[in-house]
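Q: I am new to this structure and should like to learn how to read it. Might we begin with what is meant when parts of a protein are said to pack against each other?

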Amino acid sequence: MEPLDERAIRASFVNCSKGEASRIKLPAGFADGSVPWSDLDFLGWTDPGAPQRALLVVPGADGPTGMVLRRPSERKVSALRSSMCRICLTDHAASGVALFVAPLAGPAGRNGNTVGEYICADLACSLYLRGKRQPKMRLVRREETLSLAERVDRALTNLAAFTGRVVAG
């Protein structure tokens, strides 16, 4: 992902007001330049000031698209259950995947309509794809025959579909 500045990130949000976008706290490491842009396919973080608010900024042909998401509150789940992220298709223990819900853009979102997707709870899909982060408590990892570029392309296609549902309102 190409590095973005604060102005571009704030202007990219499609499902919140400009005022709300201006109040969003940027990800840890943004101010000191430690965001690993070269390892990211999209920028995702949890707002440190509002732990149930997550944010995604997805690159696109027409520029980045930002989305405000609601994340579920933390809950205790059995380590015996497992889940799969619908973006990067990484298997996790049940607590490693969360249902993120995004208000739709435009009038539909202002009326309370939402769409959701099961995504890695830490929003680190890019790092899981590259093997720079491993899912917790997973003893068996499926090996794929796809190359890294093919897995990244698949994840971006899945993410674009979710983004498209949000933007379409």
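A: Contact here means heavy atoms within 4.5 Å. With that cut-off in hand, one may turn to this predicted model. The buried residues of α5 pack against β2, β3, β6, β7 and α4.

Q: Which residues of α5 are buried?

A: A residue is called buried when its relative accessible area is under 20%. In α5, this holds for R151, V152, R154, A155, L159, F162, T163 and V166.

Q: How does the length of α5 agree with what is expected of a helix?

A: The expected span allows 1.5 Å for each residue after one has been set aside. Because α5 has 21 residues, it should span 30 Å, and its end C-alpha atoms are indeed 30 Å apart. Just after α5 comes G169, whose phi is positive, at about 65 degrees.

Q: How many helices and strands are there in the protein?

A: The protein contains five helices and seven strands. Read from the N terminus, their order is α-α-β-β-β-β-β-β-α-β-α-α.

Q: What does the radius of gyration say about the overall form?

A: The value is set against that of a compact globule with an equal number of residues. For 169 residues such a globule would have a radius of gyration near 15 Å; the protein has 16 Å, so the two agree. The C-alpha trace spans about 45 × 30 × 30 Å along its principal axes.

Q: What share of the residues is buried, and how much surface is accessible?

A: Of the 169 residues, 43% count as buried. The accessible surface comes to about 9500 Å², and carbon and sulfur atoms account for 52% of it. As to contacts between residues at least 6 apart in sequence, 54% join residues at least 24 apart.

Q: Which residues touch the most other members of the largest nonpolar core?

A: A nonpolar core joins buried residues of certain kinds through their side-chain atoms. The largest one here has 29 residues, and L56, L69, I119, C125 and F162 touch the most other members. Two or more residues each are given to this core by β2 (53–58), β3 (65–70), β6 (97–103), β7 (114–120), α4 (125–129) and α5 (148–168). The largest share, five residues, comes from α5. Apart from this core lies another, of 16 residues, including C16, I24, L26 and V35.

Q: With which residues is L69 in contact, beyond its neighbours in sequence?

A: Once neighbours within four places in sequence are left aside, L69 is in contact with Q52, R53, A54, L56, F100, V101, A102 and F162. Two of these, L56 and F162, are also among the residues that touch the most other members of the largest core.

Q: How should one read a positive phi?

A: Most residues other than glycine have a negative phi. L89 is not a glycine, yet its phi is positive, at about 60 degrees. This residue lies in the loop between β4 (82–84) and β5 (91–93). L123, also a residue other than glycine, has a positive phi near 55 degrees, and its place is in the loop between β7 and α4.

Q: Are L89 and L123 buried or partly exposed?

A: L89 is partly exposed, since its relative accessible area is 24%. L123 is buried, with a relative accessible area of 5%.

Q: What else is found in these two loops?

A: In the loop between β7 and α4 one also finds A124, which counts as buried because its relative accessibility is 7%. The C-alpha atoms of A124 and L40 are separated by 8.4 Å, although the two residues are 84 residues apart along the chain. In the loop between β4 and β5 there is C88, which is buried with a relative accessible area of 2%. Beyond its neighbours within four places in sequence, C88 is in contact with C120, C125, L129, R154 and A155.

Q: Where does S12 lie, and what surrounds it?

A: S12 lies in the loop between α1 (6–11) and α2 (18–23). Its relative accessibility is 5%, so S12 counts as buried. A polar atom of its side chain lies 2.7 Å from the backbone oxygen of I9. Leaving aside neighbours within four places in sequence, S12 is in contact with V57, P64, T65 and G66.

Technical notes:
Residues numbered from 1 in each chain as written. Predicted model: local features only at pLDDT ≥ 70, side-chain atom pairs only at ≥ 80, totals over all residues. Heavy atoms only, no water. Core = buried A, V, L, I, M, F, W, Y, C linked by side-chain atoms within 4.5 Å. Buried < 20%, exposed > 50% of the residue type's maximum accessible area, 1.4 Å probe, protein only. Helix = DSSP H or I, 4+ residues; strand = E, 2+ residues; numbered from the N terminus. Polar contact = N/O pair within 3.5 Å; in protein donor to acceptor, adjacent residues only side chain to side chain. Rg over C-alpha atoms; globule rule 2.2 N^0.38 Å. Areas by Shrake-Rupley, 256 points an atom, 1.4 Å probe, with all protein chains shown as cover.
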